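Please work through the exercises below with the sequence and the model side by side, and try each task before reading its solution.

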Amino acid sequence: MKVLGLGDNVVDKYVNLAIMYPGGNALNFAVFAKKLGQDSSFMGVFGSDAEGKHVVSAVKDLSIDYSHSRFETGENGCARVEIKEGDRIFLGSNEGGVTREHPIELTQEDRKYLTQFELIHMGLYSHVNHLLNELCDFPANVSYDFSDDFTEEEILRAIDKIDFGFFSVSQLTDQETKDFLKKYFSSRNEVLVATRGDKATIAYDGQEYYEVVPVLREPVDTMAAGDSFLTAFLIHYLNGNDISTAMKRGNEFAGESCMIKGSFGYGVSYE
């Protein structure tokens, strides 16, 4: 299956270790899909600094196609984090750097390129929300990660243009989560999924709810646990598994991801 992560790439700088790791929701999706055996590509904007060059180096090493990405002078997306007992604490960011400053506008070559994919993934911080209307015209399924600090306005702007939606709502009870998914489910949606930390993940397909309890392991690093879950869920579901099985595979893959430092490794020291 040909899949594309569209939008953000960053480096996550672990300030207490002085090590930076490549990441970002869209890039993580592309990397995890590649690990799961898919023909995976990434399309985003890279900065001209050492951070951007490091991310490109990792993408090259992983043999992920990035031929329709942009390169701009300026800071690559960067976030500062601290790890305490395996959990990540975000300290701040440059809000995407060149990805935000130079948003992608599709060329005719880009449009032709996008027709080859079966799945395109993006998210709230991918800085490509302005492309949602155009993406509806392509044959690919569109997946969207709303993360954990979405607003209702942001949901309503995207929900009827996507096939799969993911929300992080650890503060909600089981019933509140079900009510939430039902409230926002649109006729375009195939499955909406709500992850809730160590509580049961709940999915809704417009008719039924599905619940799977997360795999609880002592994490090395929880960075990108949600990204690894949604990637594995999508890959297994679109390759023929039912929703419950795909959720279980997502949990298993997320558990494995938490055993790796950074989103997917490739840490280097920085000054």
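The exercises that follow go from the whole protein to single residues, and they concern a predicted model.

**Exercise 1. The overall form**

Task: Find out how many helices and strands the protein has, and decide whether its radius of gyration agrees or disagrees with that of a compact globule.

Solution: Begin with the secondary structure, where the protein shows nine helices and 14 strands. Next take the chain length of 271 residues, for which a compact globule would have a radius of gyration near 18 Å; since the protein has 17 Å, the value agrees with that expectation. The extent of the C-alpha trace along the principal axes can be added to this picture, and it is about 50 × 50 × 35 Å. Finally, consider how the chain is connected in space: of the contacts between residues at least 6 apart in sequence, 65% join residues at least 24 apart.

**Exercise 2. Surface and charge**

Task: Work out what share of the residues is buried, what supplies the exposed area, and how many positive and negative side chains there are.

Solution: Of the 271 residues, 55% are buried. The protein exposes about 11800 Å², and 46% of that area is supplied by carbon and sulfur atoms. Counting charges gives 25 positive and 43 negative side chains, and the centres of these two sets lie 2 Å apart.

**Exercise 3. A helix and what follows it**

Task: Decide whether helix α1 is largely enclosed or open, using the number of its residues that are buried.

Solution: Helix α1 covers residues 25-35, and because nine of its 11 residues are buried, the helix is largely enclosed by the rest of the structure. The buried residues are N25, A26, L27, N28, F29, A30, V31, F32 and A33. A general point helps in reading such a list: an α-helix has 3.6 residues a turn, so residues three or four places apart point the same way. After α1 comes G37, which has a positive phi near 90 degrees.

**Exercise 4. Two buried residues with polar side-chain contacts**

Task: For R196 and T99, establish whether each is buried or exposed, and find which backbone oxygen lies by each side chain.

Solution: Start with R196, which belongs to strand β11, residues 191-196. Its relative accessibility is 1%, and because buried means under 20%, R196 counts as buried. A polar atom of the R196 side chain lies 2.8 Å from the backbone oxygen of A200. Beyond its neighbours within four places in sequence, R196 is in contact with V169, S170, L172, T173, D174, T177 and I202.

Turn then to T99, which is part of helix α3, residues 98-101. With a relative accessible area of 3%, T99 is buried as well. A polar atom of the T99 side chain lies 3.3 Å from the backbone oxygen of V45, and V45 also appears among the contacts of T99, together with G7, D8, N9, S126 and H127, when neighbours within four places are left aside. As a last step, compare positions in sequence and space: T99 and A200 are 101 residues apart along the chain, and their C-alpha atoms are separated by 34 Å.

**Exercise 5. Positive phi in loops**

Task: Locate A18 and S63, and state how exposed each one is.

Solution: A18 sits in the loop between β2 (10-14) and β3 (19-23), and its phi is positive, about 55 degrees, although A18 is not a glycine. Its relative accessibility is 28%, so A18 counts as partly exposed. S63 lies in the loop between α2 (50-61) and β5 (70-71), and its phi, also in a residue other than glycine, is positive and near 60 degrees. At 51% relative accessibility S63 counts as exposed, because the cut-off for that class is over 50%.

**Exercise 6. Contacts made from two further loops**

Task: Determine which residues N239 touches and with which side chain S147 makes a polar contact.

Solution: N239 is placed in the loop between α8 (225-238) and α9 (243-257), and at 48% relative accessibility N239 counts as partly exposed. Not counting residues up to four places away in sequence, N239 touches M1 and Q38. S147 is found in the loop between β9 (141-145) and α6 (152-158). The side chain of S147 makes a polar contact of 3.4 Å with the side chain of D148, while outside four places in sequence S147 is in contact with Y125, F166, F167 and S168.

Notes: Residues are numbered from 1 along each chain as its sequence is written. This is a predicted model: local features need pLDDT of at least 70, side-chain atom pairs count only at pLDDT 80 or more; totals for chains, interfaces and linings use all residues. Side-chain values use heavy atoms; hydrogens and water are left out. Helices (H or I, at least four residues) and strands (E, at least two) are DSSP runs, numbered from the N terminus. The radius of gyration is taken over C-alpha atoms; the globule rule is 2.2 Å times the number of residues to the power 0.38. Buried means under 20% relative accessible area, exposed over 50%, partly exposed in between (1.4 Å probe, protein chains only). Contact means heavy atoms within 4.5 Å. Accessible areas come from the Shrake-Rupley method with a 1.4 Å probe; for residues, only the protein chains shown count as cover. Lys and Arg count as positive and Asp and Glu as negative; His and the chain ends are not counted. The place of a charge is taken as NZ of Lys, CZ of Arg, CG of Asp or CD of Glu. A polar contact is a pair of N or O atoms within 3.5 Å; within protein, one must be able to donate a hydrogen and the other to accept it, and residues adjacent in sequence count only if both atoms are side-chain atoms.
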